Amino acid sequence: MSTENKAMAPPAAAAPDPLEAPFPSRRMMINLGPSHPAMHGTVRSVVELDGETITDLKLDIGFLHRGFEKSCEQVTWTQVFPYTDRLNYVSSVMNNVGFALAVEKLCKIDIPDRAKYLRTITSELHRMCDHLTLVGALGLELGAMTVLIYAMEARDFLWDRLTEICGARLTSNYVRVGGVSRDAPEGWQDKVLATLDRAAELRGEIDKLITRNRIFLDRTRGVAAVPRADAVDLGFTGPCLRASGEPYDVRKAAPYLVYDRVEFDIPVGANGDNFDRYAVRMEELAQSDRIVRQCFEQLPPGDIAIDDVRYVLPPKPEVYGTIEGVMAHFKIIMEGIKVPAGEAYSYTEAANGELGFYLVSDGGGRPYKIGVRAPGWPMTAALGHMVKGALLADLVPTFDTINMIGGEVEQ
Amino acid sequence: MSKAAIQTLAQRFPDAVQDAYEGVGGDDCAFVRKERIAEVCRFAKEEPSLLFDMAPYVTAVDYLGVEPRFEVVYQLYSTRHNHRIRLRVKVPEADATVPTVTSVWRGADWFERYCWDMYGIRFPGHPDPRRLYMYEEFVGHPLRKDYPLRGRQPLVAERDVPDLYRGPGPSGRD
């Protein structure tokens, strides 16, 4: 009888479900970092929490500040290249290219076609490395360790190819003012094409693993969304801006090197959330693959640097055999190349967005000022704005999708 | 490409936007009087023919020995019209303050903090005027040309650890 009565009674609407009852919560401040296993690099974030929800976040950066600009002001223009490697150390050739183009803009140099193609090829390979790092780390953060392993495999193959042309995996120091430092070795093209095939396979695996994965979608969709107007106002560039729906890409808006001679598409997102930032990167991997293949088809024979001893070291037989060669070599090494006095801002599309160099030259062999507009800067600055209202567990994946690289943001 | 943009600005603010010139590589630049920079930027953002909706980079330069000593440089970009200009603002050392443009573009926030940290230029009206890279106890501004390259200001006193390769402790090091 009594059980019947219970069954007849209205369902739980009257009495709240004890499992859903709100816990009493209070505001709590926690410190993540500067040295925390889940944070990328040494960044301190002071998070204000209400339960698990982030109500405010303040970032404290500078732990990796090495005085990039101050150091560069003390060395010759050529010696700056190794420093630029350390800006975004995952994709160092792109920093080299950005700086070289800025100096060449001041010097009004046009480099040979083969050098342009080699710069484009190495840049795009490094863009793939950068995006693979991000995708792999994002998977790792959301519990998909396998994704990281696949991404690292693809990235290491690409780095091996870059080692063969640059001599180093990370700090490539490949580009010079007026060209590049060395030509592609024998048989390099076939090796790169084989590596691209393997990287495409691995990319396919990653795509199958997480792009339609329920857990991945739930954790990334709608998290840390930035509307288009906000993204522009906050100064976003690169994949993060494109994920918000603004199709701005320096490679299309102001083509440099050979980007106007190859065909590629600019993937654009709609919501600007973590998932879109991931998806844009995945598509850019495929587009970089396309660009590299086209570049190899078009790669012309010829010089890899301009023939002008004011900017480029003379060939070694000349240095050891003639007095003019020795003098040119000595002048460049000891005094540095003479960059005409003036100021210029040059910008390129690096892996995370617009990489700008604002150079001021006083006509001497050393830079007067090198201002670096690091691509990740505005995104890092906006992190507090982005994660407001998100869960604490979403902070680290968001930090990953904006791809803050300490080397460039903290200089 | 954006000569028209500079002209529009110069016509609208004849007493604030001056000495327009074409820089190396065809960059269009102009000097702006520092008291009016926020106003000029606000107009540049809102005027339909300009629409500079993004400030990709703001930085400063120290021209030591030249009066006025500092310069703050604004790179502006319009995603709508795909054009760029550069505005330069001269800042004297005696009054190293520039009105903030964070109310125009929120993205200028950290760039202005960087200018304060590295060059010691104040931005009255900035919502969060702290240093960006250095710690608050740091004395001086490292990117000023008269700041020594090897100036050391450890937050925690450095210990005198004998170093086999680099000689005696911190006093002789670097």
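User: What distance does helix α14 (residues 323–335) of chain A reach from its first C-alpha to its last?
Analyst: Helices here are DSSP runs of H or I of at least four residues, and strands are runs of E of at least two, both numbered from the N terminus. Helix α14 of chain A has 13 residues, and its expected span (1.5 Å times one less than its number of residues) is 18 Å. The reach from the first C-alpha to the last is close to that value, at 17 Å.

User: What kind of model is this, and which pLDDT do local features need?
Analyst: Residues are numbered from 1 along each chain as its sequence is written, while chains are lettered from A and ligands numbered from 1 in the order in which they are written. This is a predicted model, in which totals for chains, interfaces and linings use all residues, side-chain atom pairs count only at pLDDT 80 or more, and local features need pLDDT of at least 70.

User: Which residue just after α14(A) takes a positive phi, and which does so just after α6(A)?
Analyst: After α14(A), a positive phi of about 85° is taken by G336(A). After α6(A), the positive phi is about 95°, and the residue that takes it is G167(A).

User: What percentage of the residues in chain A is buried?
Analyst: The secondary structure of chain A comes to 18 helices and eight strands, and its C-alpha atoms fill a box of roughly 115 × 40 × 35 Å along the principal axes. A residue is called buried if 20 or more other C-beta atoms, placed from the backbone, lie within 10 Å of its own, exposed if 12 or fewer do, and partly exposed in between. Of the 411 residues in chain A, the buried share is 50%.

User: Which helices are included in what covers the buried residues of α6(A)?
Analyst: Helix α6 (residues 145–166) of chain A has 22 residues and reaches 30 Å, close to the 32 Å expected at 1.5 Å a residue. Its buried residues include V147(A), A151(A), R155(A), L158(A), L162(A) and I165(A). An α-helix has 3.6 residues a turn, so residues three or four places apart point the same way. The cover over the buried residues of α6(A), judged by contacts (C-beta atoms, placed from the backbone, within 7 Å), includes α5 and α7 of chain A.

User: How do the residues in the contact of α5(A) with α6(A) divide by class?
Analyst: With axes fitted to C-alpha atoms over the stretch in contact, and angles running from 0 to 180 degrees between N-to-C directions, α5(A) and α6(A) pack at about 160° with their axes 8 Å apart. That makes α5(A) roughly antiparallel to α6(A), on a scale where angles over 145 degrees count so, under 35 as roughly parallel, 65 to 115 as roughly perpendicular and the rest as oblique. Ala, Val, Leu, Ile, Met, Phe, Trp, Tyr, Cys and Pro count as nonpolar, Asp, Glu, Lys and Arg as charged, and the others, Gly among them, as polar. By these classes, the residues of the contact divide into 17 nonpolar, five polar and two charged.

User: Is H126(A) buried or exposed?
Analyst: H126(A) lies in helix α5 (residues 113–141) of chain A. Beyond its neighbours within four places in sequence, it is in contact with S91(A), S92(A), V93(A), M94(A) and L162(A). Because it has 29 C-beta neighbours inside 10 Å, H126(A) counts as buried.

User: What distance separates the C-alpha atoms of V90(A) and A351(A)?
Analyst: V90(A) sits in the loop between α3 (80–85) and α4 of chain A, and it counts as buried because it has 22 C-beta neighbours inside 10 Å. Not counting residues up to four places away in sequence, V90(A) touches C129(A), D130(A), T133(A) and I405(A). V90(A) and A351(A) are 261 residues apart along the chain, yet their C-alpha atoms are separated by 9.3 Å.

User: At what angle does α12(A) pack with helix α17 (residues 392–401) of chain A?
Analyst: α12(A) passes α17(A) in a left-handed crossing, meaning that the near helix is turned anticlockwise from the far one by less than a right angle, whereas clockwise would be right-handed. The contact is made by N274(A), R277(A) and Y278(A) of α12(A) and P397(A), T398(A) and T401(A) of α17(A). The axes are 10 Å apart, and the angle is about 35°.

User: How many residues of chain B are in contact with chain A?
Analyst: The side of chain A that touches chain B has 32 residues, with 13 nonpolar, nine polar and 10 charged. Among the elements giving two or more residues to that side are α4 (92–107), β6 (342–350) and β7 (353–361) of chain A. On chain B, the number of residues in contact is 27.

Conventions. Two residues are in contact if their C-beta atoms, placed from the backbone, lie within 7 Å.
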